[in-house]
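Me: I should like to learn how the features of a protein model are read, one at a time. Could we work through an example together, beginning with a helix and its surroundings?

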Amino acid sequence: MLNIDLHCHSVVSDGLLTPARLVEHAALRGVKVLALTDHDDVAGLTEARIAAREKNIILINGVEISVTWQGRTLHIIGLGIDPEYPPLEQGLASIREGRVERARNIAAHLDRCGIHGSFEGAYAYAGDGRLIGRTHFARFLVEKGYAKDVRSVFKKYLVKGKPGYTPHQWATLKDAVNWIRGSSGQAVIAHPARYQLGKNVLEALLHEFRDLGGTGLEIISPSHTSDQTKLFAHHAERLNLLASCGSDYHGPGESYFDLGQLPPLPAGCTPIWHDWNIEQN
Ligand code: AMP
Ligand code: MN
Ligand code: MN
Ligand code: MN
């Protein structure tokens, strides 16, 4: 069976490895098909592609787009996208601009509870700073001793109801799916169990997503329990959505799953790669 991992992050967003190191790590873990899916940015794909060629890995162009749908943040993955498709490029650029503004808001909130200098601090963790996000704040807060690790700093400071959380308007679901489809990619709802949607809201999302032209659900994800995996496999089968799998790897020490160490898709799922031209490679 091919080792396929369709969700991970490099330093271009909030991962810890450069795209080339990430691909090398994937190769060490036996991955044959890898999608790099940085948040709201495709800038790592060129470097990843060069490294993938060397390591004999098939690289799938990916992205993980931040979306606001009915007041909630969702992540929509694009697989097989054309990173140069202008509406996609422009859409992602506008999300990134919004991130800088949000980071200033987060820093202002943290200031009010006595944590100073977090904008600059987080920025220093954000590479060239274009894609600043909560993970960079988390790393800064850990550095300053506010919590022992990134996971606990999120719980204490960066999730809804905590001092460093600020609401933010991301892209619409419709725009995100259109950018992905328009660039000949496939849209996949990332880690669907994480949004904790009630039955009716989930049903509304799945139908709207499918009506917009979305094709996939991420079934295997470190965010899912095995019961949630089964449940979403059932939804995918019922609604004719394709199944994806990804480690959501962010780097050593910050991830539940290592690259390529994923359980298989449950029986009955149609893999999103069923019609990709990858088997003979
Ligand atoms: P952002 O897009 O800036 O809101 O950041 C979202 C990212 O933060 C996710 O992709 C994860 O990498 C990370 N993240 C979100 N929630 C948590 C959590 N509870 N623990 C650790 N990391 C988290
Ligand atoms: Mn992330
Ligand atoms: Mn995500
Ligand atoms: Mn992710």
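Reply: Certainly; please keep in mind throughout that this is a predicted model. Let us begin with a helix and its neighbours: the cover over the buried residues of helix 5 includes helix 3 (86-112), helix 4 (118-125) and helix 6 (150-158).

Me: How many residues of helix 5 are buried, and which are they?

Reply: The general idea comes first: an α-helix has 3.6 residues a turn, so residues three or four places apart point the same way. In the present case, helix 5 (residues 134-143) is mostly covered, with 7 of its 10 residues buried. The buried residues are Thr 135, His 136, Phe 137, Ala 138, Arg 139, Phe 140 and Leu 141. Just after helix 5 comes Gly 145, whose phi is positive, at about 85 degrees.

Me: Which residues other than glycine have a positive phi, and what is the value of phi in Asp 40 and in Ser 184?

Reply: One reads such residues by taking the angle together with the place in the chain and the accessibility. Asp 40 has a phi near 50 degrees, a positive value in a residue other than glycine. Asp 40 sits in the loop between strand 2 (33-36) and helix 2 (45-55). Ser 184, likewise not a glycine, has a positive phi of about 60 degrees. The loop that holds Ser 184 runs between helix 7 (173-182) and strand 5 (186-189).

Me: Is Asp 40 buried or exposed, and is Ser 184 buried or exposed?

Reply: The cut-offs matter here: under 20% relative accessible area is buried, and over 50% is exposed. Asp 40 has a relative accessible area of 0% and is therefore buried. Ser 184, at 60% relative accessibility, counts as exposed.

Me: Let us turn to the metal sites. Which residues are the protein donors of the manganese ion (ligand 4)?

Reply: A metal site is read from its donor atoms, then from their spacing in sequence. For the manganese ion (ligand 4), the protein donors are His 7 (NE2), His 9 (NE2), Glu 64 (OE) and Asp 248 (OD), at 2.1 to 2.2 Å from the ion. Their spacing in sequence is H-x1-H-x54-E-x183-D. His 7 belongs to the loop between strand 1 (4-5) and helix 1 (19-28), and Asp 248 to the segment after strand 7 (242-245), so this pair ties together parts that are 241 residues apart in sequence. Both ends of the pair count as buried: His 7 has 0% relative accessibility, and Asp 248 has 10%.

Me: Which residues are the protein donors of the manganese ion (ligand 3)?

Reply: They are Glu 64 (OE), His 75 (ND1) and His 191 (NE2), lying 2.1 to 2.2 Å from the manganese ion (ligand 3). Here the spacing of the donor residues is E-x10-H-x115-H. Glu 64 lies in strand 3 (residues 58-69) and His 191 in the loop between strand 5 and helix 8 (199-212), so the two tie together parts 127 residues apart in sequence. Glu 64 is buried, at a relative accessible area of 0%, and His 191 is buried, also with a value of 0%. Glu 64 appears among the donors of ligand 4 as well as among those of ligand 3.

Me: What distance separates the manganese ion (ligand 2) from ligand 4, and what distance from ligand 3?

Reply: The manganese ion (ligand 2) is 4.6 Å from the manganese ion (ligand 4). From the manganese ion (ligand 3) to the manganese ion (ligand 2) the distance is 5.7 Å.

Me: How does one read the contacts of a single residue, for instance Leu 265?

Reply: One sets aside its sequence neighbours and asks what else touches it. Leu 265 is located in the segment after strand 7. Beyond its neighbours within four places in sequence, its contacts are Ile 219, Ile 220, Ala 243, Ser 244, Cys 245, Pro 271 and Trp 273. Leu 265 and Ser 244 are 21 residues apart in sequence, with their C-alpha atoms 8.1 Å apart.

Me: Finally, how many helices and strands does the protein have, and why is it called as compact as a globular protein of its length?

Reply: The protein has 9 helices and 7 strands. Its radius of gyration is 18 Å, close to the 19 Å that the globule rule gives for 281 residues, so the protein is as compact as a globular protein of that length. Of those 281 residues, 54% count as buried. Among contacts between residues at least 6 apart in sequence, 72% join residues at least 24 apart.

Technical notes
Residues numbered from 1 in each chain as written. Chains lettered and ligands numbered in written order. Predicted model: local features only at pLDDT ≥ 70, side-chain atom pairs only at ≥ 80, totals over all residues. Heavy atoms only, no water. Donors = N, O, S within 2.8 Å, 3.2 Å for Na, K, Ca; no water. Helix = DSSP H or I, 4+ residues; strand = E, 2+ residues; numbered from the N terminus. Buried < 20%, exposed > 50% of the residue type's maximum accessible area, 1.4 Å probe, protein only. Rg over C-alpha atoms; globule rule 2.2 N^0.38 Å. Contact = heavy atoms within 4.5 Å.
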